[in-house]
Structures are given as C-alpha cells and as structure tokens.
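Work through the exercises below with the model open beside you. Try each task before reading its solution.

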Amino acid sequence: MEFINTLHDAVYAVMTPVSDFVWTYILLYLLLGAGLLFTVLTRFMQFRLFGHMARVTFNSRGAGSGVSGFQAFATSLAARVGTGNLAGVAIALWVGGPGAIFWMWMTALVGFATSFIESTLAQTYKKRNEDGVFRGGPAYYIERALGQRWMSVLFATFLLIAYGLAFNGAQSNTIAQGLSQAFSIPNWVTGVVLVIITGLVIYGGLKSVARTAEKIVPIMAIGYFLVALYVLMVNISEVPAMLELIVKSAFGYGPAVGGAVGYTIKIAMENGIKRGLFSNEAGMGSAPNAAAQADVKHPAAQGLVQSFGVFIDTLVICSCTAVVILLSGVYERLMTSSPGQDIVGIQLTQDAMVDHLGSFGEIFIAIAIFLFAFTSIIANFSYSQINIEYLFRSRSKAAVSVLRIAVLAMVMIGSVAQLQFVWDFADLAMGLMATTNLVAILLLCPVALRVLKDYERQRKDGVREPIFDPKGVLKRPEQVDADVWPARESTV
C-alpha cells in the first residue's frame, strides 16, 4: 500500500503542473482566441443564424434506418449535460466567484462558432459503417484532411482516457452520492443498477444510444428549466442585483471568495472558461463524434444543430444552476461562515434547491443527477466506440467488446470509490485532447467556411434543404467518400 501511495504522489506531482500549464497558458487563450476568430470569419453566425439553428434542430427527426440529425443532437447534448451542469457550475461559483458565470457565458457565445466549425468538418469527412450509422469526428478529419495519422491517434487516445474511462467513473460517483444523500441508497446498489441499465443500452450499439438519448434528454432539460424558471419568478425582485453581482465580479469588483484563493479576474476567468468548456465541450472535439453520425443532406445543417446545443447546455441549463444557487440563502451563508473550505459541488446545488423547494428539492436534484449523468455515460460510450474503432480498424469488434467491459467496470468502481486522482487525470487528458482538436480545426477552418458559404448560397437561392456536392465546394473532393455524399436533387 505504501508503494502505491508513493507512486500516486509521484505521478500526481508530475501531472498537476502539466495540467495547470495546459489549461492556464494554452487552452485559456487558444479556446477564446479560436472562438473569436471563428465568430468573425463566420460573420457572427451565432447571432445571424440563431433562429435558423433552432428550426433546423427541431425539424431534423427523420433519418430512415440511420441516426437522425435530432438524435445526433440529443446524443451530444446527453454528453454535454452532465455533472458539469450541476456540480461543475457550483464549484466554479465557489472557487471563482459569481464572475465565473460571466466568463462561462462568454465561452459559450464564442463556442457557438467553434462548435459549428468542428461539427461541420466531422460531417464533411465522415464514413459509412456496415451497421448503417456513419462514423466521424476529429480523428477522421485530421487524418483525411491533414494527412496526420499520428495526430489522430493522439486525439483518439486522449478521448478514450477521458471519456471512455475517467468521466464515466466520475458520473457514476456523482449519481451514487446524490441518491445516497436523498434516498439513503447504498452506493454499491446504485452501482449494480447503473451497470445493468448501462449495459442494456450500450450493447445495443450506437443506434440504441441515439434512441435512448432522444427520449430522455428533452424531458430532463425541459424539467430542469421549468423548475429553475419557477425559482427565478419567485425571486424576481432579486434578479437585477444577482446580474449586477455576476458582471461586477467578472472584472474583479466584489467581495473576495475562496479564502486564500482570492477573488481575481484570472481566477474567475480560469474557472468560468474551464467549467464552460467541460460543460458545453465546444472545441474539445467530443461533440463532432455525435455530429458525424447524423444522416443529413448538408454538413452545415448538422453544424448549426450542434451550435444550438451549446446554447441549450450553457446559456440555459448551466445558467439555471447558477440562478438556483445565487438566489438561495445557502451560497451567502457559506461565504460568511466557511470561506475557503473545500466543498462538494453537487452538495451546494442540492442544498440550494432545498432552500427553494424544501425536501422536494433534494429529491428533484437526485433525479436530475441520475438522468444527467446516466445519459452522459451512454453518450461517452458512443464517442469512445467511434474512436476505438478508428484505432483498431480490422480488430474493432474485439476492441469494442473490451471497451464495453471497461466502461461497465468504471461505472461500478466510480459508484463506490473516490476518484479524485482519476478525475484530475481526466482533466489533463481533456486539455490535451482539446488542444489537439483546436490546432486541427484552425488549420481546416477554410474548409468549413466554404461549406457554410455553399449552404447559405443555396438558401438564398430558395433551396429549402440545401444539398452538399463536394466537387462544387471542396478543393480536394477526393478526400471525402463518394457514397456518403451522392448527388441528390435539391428541395426548393
């Protein structure tokens, strides 16, 4: 045991400064810089095309035997909407102060454009699989468009570490804590039940994941929004002061939080951006794996759908959590009585909801945790399957079988064990994964811009559902599969 502890401390001592360096000095600037650049190059598409995004999203349900655009949207939203929306927002508030929420919003606003670029690229360079579901994502467009397989392998490996293993353990751990707190259910019982229901879904393949996400995600998102809206309306007189606090705190004006951590613009930005990225995943390279599965007529259509997912995740659901916490008396009492102490993020969210709704609040958050985290687990598996198939190719079926066992094992382990080390390791893997993807989409941005230009040109010409023709758009159309983008008649 002493040897294991020594090894743990040694690895942690090396990993922590590397992770801090990646997040503080690379991703902080690369993420916002890329988002701002894409926003300008797409001519502020998140504002120009917002209404069209919503219409395309909710009109994309049909896909024949494959995965529909809406199912791909639901799958990516299932991964996005997880513990980051409940526990992550609470931690960002506690460590970075209310100003962290402002920077989370800013990350989301520029994230619209980033999500569009990466998801459009995933659609453009996707491939058809024998099960009738398309495959694609950063690993595919990096190799096909940039010709850098080593870079694709790195990305796929980072994703498997973060999404296939660590995040699934963290999600199940959060579910177990929530159910134990609300219903006194033993953690191991939660773990066994999670393994069973997760297994039923993931052994059905990617279509099963998409169908499950399509059914659960809208219900959980709407339910959470309505409860937060009720809290907002009941406390409407306090809303102006809350908004003023968020904006002032973002720029260093406000009471200090977090004790020794201090209240600085840097801390607010770091926590807001990091939690914003973890939540909406724009630029991380995860959502494109879901985007590529959609059977759509033009890549830009799914790019717009995934952009709308950033709005739902951060500007709606994360904001709901912030509203519930900041309008409760729990946050202020903790700031007064226990500044600087470590907190469990989900406990702060749960206590805040109890402050508003009484004992029902604890039950509601426990149910929300279960739905948010469970759908994240199955979506994470979907992403992992796509990337392990990419890595192993001819031996992909055996690799996916091993992956299923590993995912279920992490779900069980996560429900009964403390996984702080694994969670910190996932932070590092996620940072390296996002950095790899951001470099790739910066290089491939001109391709996505040509695809967007073609989509908008067809709409201007009166085409209701634009059709993608690689030969008329791409400089190197031979890089995409001809059977994926066959010639089809435009719908006027």
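**Exercise 1. Find out how much of the contact network is long-range, and describe the chain as a whole.**

Step 1. Take the contacts in the chain with a separation of 6 or more. Residues 24 or more positions apart account for 84% of them.

Step 2. List the elements. The chain of this predicted model has 20 helices and two strands.

Step 3. Turn to burial. Of the 492 residues in the chain, 60% are buried.

Step 4. Look at the surface. About 19100 Å² is exposed. Carbon and sulfur atoms supply 65% of that area.

**Exercise 2. Decide which parts of the model deserve caution.**

Step 1. Start with the average. The mean pLDDT of the chain is 82. A value of 70 or more is reached by 87% of its residues.

Step 2. Find the extremes. Confidence is highest in helix H7 (residues 138-146), with a mean of 93. Confidence is lowest in helix H12 (residues 265-280), where the mean is 70.

Step 3. Check residues 256-263. Their pLDDT is below 50. This stretch still has 26 contacts in the model beyond near neighbours in sequence.

Step 4. Draw the conclusion. Predicted coordinates should not be read in detail where pLDDT is low.

**Exercise 3. Describe how helix H4 packs against helix H17, then against helix H14.**

Step 1. Locate H4 and H17. H4 spans residues 69-80 and H17 spans residues 359-392.

Step 2. Read their geometry. The two pack at an angle of about 115°, and their axes are 7 Å apart. The crossing of H4 past H17 is left-handed.

Step 3. Name the contact residues. H4 brings Thr75, Ser76, Ala78 and Ala79. H17 brings Phe372, Thr375, Ser376, Ala379, Asn380, Ser382 and Tyr383.

Step 4. Sort them by class. The H4 contact with H17 holds five nonpolar and six polar residues, with no charged ones.

Step 5. Move to H14, which covers residues 299-326. H4 and H14 pack at about 35°, with 10 Å between their axes. H4 passes H14 in a right-handed crossing.

Step 6. Name this second set. From H4 come Gly69, Ala72, Phe73, Ser76, Leu77 and Arg80. From H14 come Gln302, Val305, Gln306, Phe308, Gly309, Val310, Ile312 and Asp313.

Step 7. Sort again. The contact of H4 with H14 has seven nonpolar, five polar and two charged residues.

**Exercise 4. Place Thr314 and explain its burial class.**

Step 1. Find the element. Thr314 is in helix H14.

Step 2. Apply the cut-off. Thr314 has a relative accessible area of 0%, so it counts as buried, the limit being under 20%.

Step 3. List the neighbours. Leaving out residues up to four places away in sequence, Thr314 touches Met104, Ala108, Gly276, Ser279, Asn280 and Ser319.

**Exercise 5. Compare two positions in helix H8 and trace their distant partners.**

Step 1. Locate them. Leu154 lies in helix H8 (residues 149-183). Phe158 lies in helix H8 too.

Step 2. Classify each. Leu154 is partly exposed, because its relative accessible area is 35%. Phe158 is buried, because its value is 16%.

Step 3. Follow Leu154 across the chain. Its C-alpha atom is 8.0 Å from that of Thr436, and the two residues are 282 residues apart along the chain.

Step 4. Follow Phe158. Its C-alpha atom is 6.8 Å from that of Met430, 272 residues away along the chain. Beyond its neighbours within four places in sequence, Phe158 is in contact with Ala429, Leu432, Met433 and Thr436.

**Exercise 6. Do likewise for Val195.**

Step 1. Val195 is in helix H9 (residues 187-202).

Step 2. Val195 counts as partly exposed, because its relative accessible area is 22%.

Step 3. Val195 and Ser415 are 220 residues apart in sequence. Their C-alpha atoms are 10.0 Å apart.

Step 4. Outside its neighbours within four places in sequence, Val195 is in contact with Leu408, Val411 and Met412.

**Exercise 7. Examine phi at Arg43 and Phe44.**

Step 1. Arg43 lies in the loop between helix H1 (2-41) and helix H2 (45-48). Phe44 is in the loop between H1 and H2 as well.

Step 2. Phi of Arg43 is near 60°, a positive value in a residue other than glycine. Phi of Phe44 is near 55°, also positive.

Step 3. Phe44 is partly exposed, because its relative accessibility is 42%.

Notes:
Residues numbered from 1 in each chain as written. Predicted model: local features only at pLDDT ≥ 70, side-chain atom pairs only at ≥ 80, totals over all residues. Heavy atoms only, no water. Axes fitted to C-alpha atoms, helices over the stretch in contact; angles between N-to-C directions. Helix = DSSP H or I, 4+ residues; strand = E, 2+ residues; numbered from the N terminus. Left-handed = near helix turned anticlockwise from the far one by under 90°. Contact = heavy atoms within 4.5 Å. Nonpolar A, V, L, I, M, F, W, Y, C, P; charged D, E, K, R; others polar. Buried < 20%, exposed > 50% of the residue type's maximum accessible area, 1.4 Å probe, protein only. Areas by Shrake-Rupley, 256 points an atom, 1.4 Å probe, with all protein chains shown as cover. pLDDT = per-residue confidence, 0-100.
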